[in-house]
Amino acid sequence: LSIPSDDPDRPVITVDLHGSCFAVPGPYLEWIPPKNWEGFGEVIVGQTSATAPFTIQNNSSTYTFTTNDILVTDTDNFHIVPSPYAGACPSIKIFSLPPGERCSVGLIFTPMETGDFDSVLYAYANSPFFAEASALLEGTGVPVPVPELVVWPTEHHFGSRQITTASTELSIDIANTGEATMKISGVTHTNDLHFILNLEGGKYPIGSTFPVNMEPGEVRNFTVSFAPQQTGQFEDTVTIQAYMEGQVLLTGEGTHWNLCDFDINGTVNLDDFSVLAAQWTAKVEGWPPDVAPDPPDGRVNLEDLAVFAANWLTSLEP
């Protein structure tokens, strides 16, 4: 090192400098992920992944390192836990790692919402000198799987039907198109006078013992038929009770070929006249045998007899 001087005898002062240097090998500390590690993959929101053991290794052949912190940058979704496997570190924060030694800590992924997440796993040591190791963590939060109820058909009109006779059974399908088991707690309907609900009907009957668990992709059936007991317009609502309700609206009309056929045997004859005679002049509530006027007046009298006589011996048979 030369230093200018204003001394005329020593205009330049020379200082000899001596020293030595050495290269610090590295990295001293290294994270080793599990074998074939590809990240945590997909984990359902709110649930926790399997514990992944990450091994920290001291690559030095000379120094014992003492960690002063191990942390992740995303503390909401990634967490450091003790490793459940052999060779676990004595702590998940501070411990000493002799030359060439290794130990492991556990990492878990618990996504708080859907989406892709990443974090960096750090290990720091400050004794005998500063060293660090880092590793990338990745995982995806996916929605909680839910069942999905599909009912078909959701409505049906049976049309007109002669009273006291039953229509062909209508098959109603229940399907679980979701990604989780669906519990059916019951199937009910609102009009059991004019509609017949058969839980044992169909190709894959739902049955009458509840609850019934339906796996994703599974289909069950039940049947309904229309059997009006009176004339008029009728409707029925079938309800499938699950985590979300499904409903089917059913309608139909009850008709009668001849209102004077009181016993519904297909012919207006003495048997029907006996019904009329037994209630002659009585107050009644509709049909039978109050058939006149229109609407009926609630009494059995000459108006009803006149209509009856006009239909005497008529028959369904040609």
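**Exercise 1. Work out whether S83 is buried or exposed.**

Step 1: start with the cut-offs, where buried means under 20% relative accessible area, exposed means over 50%, and partly exposed is in between (1.4 Å probe, protein chains only).
Step 2: the relative accessibility of S83 is 10%, so S83 counts as buried.
Step 3: now place S83, which sits in the loop between β7 (78–82) and β8 (96–97). Strands here are DSSP runs of E with at least two residues, helices are runs of H or I with at least four residues, and both are numbered from the N terminus.
Step 4: look for A52, which is 31 residues away from S83 in sequence and 8.0 Å away in space, C-alpha to C-alpha.

Before you go on, remember that this is a predicted model, where local features need pLDDT of at least 70, side-chain atom pairs count only at pLDDT 80 or more, and totals for chains, interfaces and linings use all residues. Residues are numbered from 1 along each chain as its sequence is written, and side-chain values use heavy atoms, with hydrogens and water left out.

**Exercise 2. Find V72, then say how far its C-alpha atom is from that of T165.**

Step 1: go to strand β6 (residues 65–72), where you'll find V72.
Step 2: check the accessibility of V72, which is 9%, so V72 counts as buried.
Step 3: go 93 residues along the chain to T165, and the two C-alpha atoms turn out to be separated by 74 Å.

**Exercise 3. How many salt bridges does a search of the whole structure find?**

Step 1: the rule asks for a side-chain nitrogen of Lys or Arg within 4 Å of a carboxyl oxygen of Asp or Glu.
Step 2: the search gives two salt bridges.
Step 3: take D69 and K93, whose closest N and O atoms are 3.0 Å apart. D69 lies in strand β6 and K93 in the loop between β7 and β8, so this pair ties together parts that are 24 residues apart in sequence.
Step 4: check how open these two residues are. D69 is partly exposed at 21% relative accessible area, and K93 is partly exposed too, at 39%.
Step 5: turn to R220 and E218, whose side chains meet in a salt bridge at 3.0 Å, N to O. E218 has a relative accessible area of 23%, so E218 is partly exposed.

**Exercise 4. Describe the largest pocket and its lining.**

Step 1: get the idea first. Rolling a probe the size of a water molecule over the atoms shows where empty space is left.
Step 2: pin down the term. On a 1 Å grid over the protein atoms alone, using a 1.4 Å probe, a pocket is an open set of points with protein on both sides within 12 Å along at least five of seven lines, and lining residues have an atom within 4 Å of a point.
Step 3: read off the space in the largest pocket, about 210 Å³. That volume is the space filled by probe spheres set on the grid points, which are joined across faces, edges and corners.
Step 4: pick out the lining, which includes Q230, T231, L259, W287 and D290.
Step 5: sort the lining residues into five nonpolar, three polar and two charged. Here Ala, Val, Leu, Ile, Met, Phe, Trp, Tyr, Cys and Pro count as nonpolar, Asp, Glu, Lys and Arg as charged, and the others, Gly among them, as polar.
Step 6: zoom in on P293, one of the lining residues. P293 lies in the loop between α1 (270–278) and α2 (302–310), and the peptide bond from A292 to P293 is cis, with omega near -10°.

**Exercise 5. Find the other cis bond in this set, the one from S127 to P128, and give its omega.**

Step 1: find P128 in the loop between β10 (115–127) and β11 (131–142).
Step 2: check the peptide bond from S127 to P128, which is cis with omega near 10°.

**Exercise 6. Which residue in the segment after α2 has a positive phi?**

Step 1: look in the segment after α2, where L313 lies.
Step 2: read its phi: L313 isn't a glycine, yet its phi is positive, about 65°.
Step 3: add the accessibility of L313, which is exposed at 54% relative accessible area.
Step 4: compare notes with T164, in the loop between β13 (155–162) and β14 (170–176). T164 isn't a glycine either, and its phi is about 70°.
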